Amino acid sequence: MFKQSIPAAILMGLAALSIPAITAIADEVDYTKMTPEELAEYLILETGNPNLEQEVQEGGTARQRMVQDELQKICSVVGGGRPDMETLLEVSKQARETIVYPEDGIKLGDWKRGRDLAWSGFGFRIGHNVDDHDKNDIGGNCYNCHQLGTDRTGGTIGPSLVGFGRIRGTSDAIKEYTYNVIYNSHSAFPCTNMPRFGPSGFLNQQSIADIMAYLLDPESPVNQ
């Protein structure tokens with residue numbers, strides 16, 4: 001079977017990602033017949049690097065972490081696109097049913113701790129240096145997708161949250177909405193790419209309250 005040489009630029013990029021013996025891949029599969037998505041999936045899932053058998057913080061292995069749960073399967077449309085409206089409404093309904101509220105009601109926490117959590121990706125990273133939960137708080141990694149304040153530079157994948165509280169206020173309805181979105185984003189935005197922090201156990205209720213305070217407290221840099 002004809003095998004096309006992998007371009008030098010791609011080899012250099014893969015070498016930078018510590019993917020060894022990349023040329024051997026060309027001897028094993030005919031990657032020229034793969035789509036970019038198929039090639040990426042092959043490199044991640046089949047080459048042994050990264051090590052998907054590595055244990056992860058929540059239990060199990062990295063390979064098991066990559067298996068879609070039922071909601072992700074529902075939201076995954078073959079060939080791209082979005083599920084129909086009936087499916088989206090059902091996803092939202094099921095997401096709302098997962099939300100667990102604090103026994104003493106939804107309250108704002110410490111915005112300064114919330115700032116630290118919002119700007120931290122610590123928690124469930126794996127690799128050569130696996131995050132140890134005994135050494136640091138688990139962050140929300142919010143900054144990766146959102147611009148949060150005017151004092152630091154965040155991501156642009158999600159909408160900007162600058163002025164979030166200044167624009168919306170801090171009514172009970174806004175606090176409940178914010179709690180719901182952080183706890184299970186699919187309740188408001190079915191089939192979104194935003195993580196489900198509550199059901200996954202990535203963030204506990206106190207951490208959600210602190211991040212809410214960072215978003216809503218008038219003293220927070222988000223609202224300056």
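**Figure 1. The whole chain, end to end.** Starting at the N terminus, the elements of the chain run α-α-α-α-α-α-α-α-α-α-α. That makes 11 helices and 0 strands. Keep in mind that this is a predicted model. The chain has 224 residues, and 38% of them count as buried. If you look at contacts between residues at least 6 apart in sequence, 54% of these join residues at least 24 apart.

**Figure 2. Helix H11, from Asn204 onwards.** Here we zoom in on helix H11, which covers residues 205–216. How far apart should the ends of H11 be, at 1.5 Å a residue? For its 12 residues the expected span is 16 Å, and the end C-alpha atoms are indeed 16 Å apart, so the two agree. At the start of the helix, look for Asn204: one of its side-chain oxygens comes to within 3.2 Å of the backbone nitrogen of Gln206.

**Figure 3. What surrounds H11.** Is H11 mostly covered or mostly open? It is mostly covered, with 10 of its 12 residues buried. Among them are Ser207, Ile208, Asp210, Met212 and Tyr214. So what does the covering? Helix H7 (111–118), helix H8 (164–168) and helix H9 (172–183) are included in what lies over the buried residues of H11. As a reminder for reading helices, an α-helix has 3.6 residues a turn, so residues three or four places apart point the same way.

**Figure 4. The largest nonpolar core, with Leu148 in the middle of the view.** This core has 24 residues, and Leu148, Ile182 and Leu215 are the ones that touch the most other members. H7, H9 and H11 each give at least two residues to it. The largest share comes from H11, with 7 residues. Now follow Leu148 outwards: leaving aside neighbours within four places in sequence, Leu148 is in contact with Ala118, Trp119, Cys142, Tyr143, Leu161, Val162, Tyr214, Leu215 and Val222. Apart from this core lies another one, of 5 residues, including Cys75, Leu88, Val91 and Cys191.

**Figure 5. Trp119 and its partners.** The structure holds 4 aromatic pairs, and this view shows one of them. The ring centres of Trp119 and Tyr143 are 5.6 Å apart and their planes sit at 20°, so this pair is stacked. Both Trp119 and Tyr143 lie in the loop between H7 and H8, so the pair ties together parts that are 24 residues apart in sequence. Which of the words buried or partly exposed fits each ring? Trp119 is buried, with a relative accessible area of 11%, whereas Tyr143, at 25%, counts as partly exposed. Trp119 also has a charged companion: the charged end of Arg152 sits over its ring, 4.3 Å from the centre.

**Figure 6. A tilted pair, Phe124 and Phe202.** These two rings have their centres 4.3 Å apart and their planes at 35°, so the pair counts as tilted. Where do the two partners sit in the chain? Phe124 is in the loop between H7 and H8, and Phe202 is in the loop between helix H10 (197–200) and H11, so far along that the pair links distant parts of the chain, 78 residues apart. Phe124 is buried, with a relative accessible area of 17%. Phe202, at 27% relative accessibility, is partly exposed. Elsewhere, Tyr101, Tyr179 and Tyr183 form one aromatic cluster.

**Figure 7. Gln54 in its loop.** Gln54 lies in the loop between helix H3 (36–46) and helix H4 (62–65). What lies 3.1 Å from a polar atom of the Gln54 side chain? The backbone oxygen of Gly127 does. Not counting residues up to four places away in sequence, Gln54 touches Gly60, Thr61, Ala62, Ile126, Gly127 and Val130.

**Figure 8. Arg63 and its contacts.** Arg63 is in helix H4. With 35% relative accessibility, Arg63 counts as partly exposed. Setting aside residues up to four places away in sequence, Arg63 touches Leu45, Leu52 and Glu53. Take a look at Glu53 in particular: Arg63 and Glu53 are 10 residues apart in sequence, and from C-alpha to C-alpha they are 6.1 Å apart in space.

Notes:
Residues numbered from 1 in each chain as written. Predicted model: local features only at pLDDT ≥ 70, side-chain atom pairs only at ≥ 80, totals over all residues. Heavy atoms only, no water. Helix = DSSP H or I, 4+ residues; strand = E, 2+ residues; numbered from the N terminus. Expected span 1.5 Å × (residues − 1). Buried < 20%, exposed > 50% of the residue type's maximum accessible area, 1.4 Å probe, protein only. Contact = heavy atoms within 4.5 Å. Polar contact = N/O pair within 3.5 Å; in protein donor to acceptor, adjacent residues only side chain to side chain. Phe/Tyr/Trp six-rings, centres within 6.5 Å; stacked < 30°, edge-to-face > 60°. Lys NZ or Arg CZ within 6 Å of the ring centre and 35° of its normal. Core = buried A, V, L, I, M, F, W, Y, C linked by side-chain atoms within 4.5 Å.
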